[in-house]
Amino acid sequence: MTSPALPAELTAALEAKLHGLSRSDAAERSARISETYRSGGGSAAIRGEADALAYALARMPATYAAVAASLNALCDIRPDFTPKALIDIGAGPGTATWAAAETFPSLADFTAIDANTALRTLALDLFNKSARFSHIHYQQGEARAALANAQPADLVVASYLLGEMGDTERVGLTDLMWAKTSGTLLVVEPGTPAGYARIIALRAQLIALGAHVAAPCPHDGECPLVAPDWCHFTQRLPRSRAHQQVKGAELPFEDEKFAYVALTRTAIARRPARVLAQPDVGKVEVTAKLCTPGGVVLAKIPRRAKADYARARRWRWGDAVMESEVASTNDPSS
Ligand SMILES: C[S@@+](CC[C@H](N)C(=O)[O-])C[C@H]1O[C@@H](n2cnc3c(N)ncnc32)[C@H](O)[C@@H]1O
C-alpha cells in the first residue's frame with residue numbers, strides 16, 4: 001500500500017525550495033490561486049516560480065494522497081499489474097508521477113505533459129532530486145497535441161486535469177488518452193458532484209470503446225447512484241509545517257475528497273463490492289452502503305454473525321469487499 005504522505009525526498013525538496021522565501025508571501029499566492037480555482041479558473045493563474053511553489057506546497061500533498069489511494073484501489077483489484085511506462089497528462093508539479101513511481105517499482109519509463117511552464121520547471125527541479133526520474137521526458141504543450149505524439153504506455157494517469165477543460169476538449173482528450181493506454185488509464189478528479197460527473201461521462205465514453213472498470217465500480221454498467229448522491233471517496237493525509245503555514249491551517253492533517261476511475265483493456269475477473277461511505281458501527285450491527293454488481297445495497301451485518309461482524313467493523317469508506325463477506329441481511333437501498 002502506498003502511503004498518503006509525500007515521499008520524504010519530495011517533502012525535503014519542496015521545503016528546501018521554500019528556504020529563505022517568505023511564507024506569508026507563499027500563503028498569499030496560494031490563497032489567490034485557490035480562489036481562482038474556486039471561481040472556475042484554472043492553472044493559468046500560476047505564472048512564475050513563486051506561484052508554482054505556493055501551489056505545490058498547498059495542493060500537492062492532497063492530490064498526491066488522492067492519486068495514491070486510487071492506485072492502491074487499482075492494485076487491490078489487479079495485484080498482477082506491473083506497468084513499465086507511465087504517461088502523466090496535466091502533470092503540473094509531477095504529483096501523479098511521484099505517486100505512481102512509489103506504487104509501482106516496475107515503472108522505468110516516465111513521460112509527463114503539461115502546458116504550464118512554471119509548473120514544469122518546478123517539477124523538473126523536484127524530479128532532479130530522485131535518481132528514479134533521471135530519464136524523465138517532460139513535454140511542455142497542450143495535452144492533446146503533445147499526447148498525439150507520445151508512444152502508448154501501460155499506465156496513463158490524468159489527475160485533477162479534466163476540470164480545467166471545456167466539454168469538446170475533454171471528450172477529444174478522453175478518446176486520445178484511451179488510444180495511448182495499452183494497459184490501464186487512471187483519472188482522478190475532485191470529489192465534488194462536478195468532478196464525479198466528469199468521471200462518469202469519461203467512464204461511459206470509454207466503456208463504449210471496450211474499456212473495463214477495475215475500480216471503484218464492481219461492474220461496467222451504469223452508475224446506480226441517483227442525484228443528489230454521487231460517488232466519491234476521502235483520504236486523510238498529514239500536513240507538514242510548511243503545508244500548514246501556507247494554508248494558514250491549525251490541524252496537522254486534512255481530508256481530501258476525490259472521485260476516480262481506473263479503466264483497463266483486460267476484463268476483470270474479481271469484482272468485489274465497494275464501500276461507498278464510512279460504515280456505521282453499532283452495538284447490534286454494522287451498516288454499510290455498498291456498490292455491488294447488482295446495485296447499491298445497505299448491508300447490515302449483525303453482531304451475532306461474529307466473524308462477519310468483526311470483519312465489517314474494519315471496513316473503511318473506499319474499501320473493496322468480497323461479496324462473500326457481505327453477510328446476512330442486505331436491504332436494497334433507495
Ligand atoms: C490542478 S493541476 C493538477 C496537476 C497535477 N496533475 C496534480 O494532480 O497535482 C492541472 C494541470 O493541468 C494542466 N492543464 C490544464 N489544461 C491543460 C491542457 N489543455 N494541456 C496541458 N495541460 C493542461 C495545468 O497546466 C495544470 O498543471
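How many nonpolar, polar and charged residues does the shell around the ligand have? In this predicted model, the shell divides by class into 9 nonpolar, 8 polar and 4 charged residues. Altogether 21 residues surround the ligand, and those that come nearest are Gly 90, Thr 95, Asp 114, Ala 143 and Ser 159.

Ser 159 is a good place to begin with the polar contacts, since it is also one of the nearest residues. An N or O atom in the side chain of Ser 159 is 2.3 Å from an oxygen atom of the ligand. For Thr 63, a polar side-chain atom lies 3.0 Å from a ligand oxygen atom. Ala 115 takes part through its backbone: one of its N or O atoms there lies 3.2 Å from a nitrogen atom of the ligand. As for cover, the ligand taken alone exposes 590 Å², and the protein buries 93% of that.

Turning to the cysteines, the structure holds 0 disulfides. A disulfide is a covalent bond between the sulfur atoms of two cysteines, and the cut-off applied here is 2.5 Å between the sulfurs. Why does Cys 217 form no such bond? Its closest cysteine sulfur, in Cys 231, is 6.3 Å away, which is too far for a bond. Cys 223 is likewise in no disulfide, and its nearest cysteine sulfur, again that of Cys 231, is 6.0 Å away. In terms of exposure, Cys 217 is buried, because its relative accessible area of 15% falls under the 20% limit. Cys 223, with a relative accessible area of 24%, is partly exposed.

Conventions:
Residues numbered from 1 in each chain as written. Predicted model: local features only at pLDDT ≥ 70, side-chain atom pairs only at ≥ 80, totals over all residues. Heavy atoms only, no water. Buried < 20%, exposed > 50% of the residue type's maximum accessible area, 1.4 Å probe, protein only. Near = heavy atom within 4 Å. Polar contact = N/O pair within 3.5 Å; in protein donor to acceptor, adjacent residues only side chain to side chain. Areas by Shrake-Rupley, 256 points an atom, 1.4 Å probe, with all protein chains shown as cover. Nonpolar A, V, L, I, M, F, W, Y, C, P; charged D, E, K, R; others polar.
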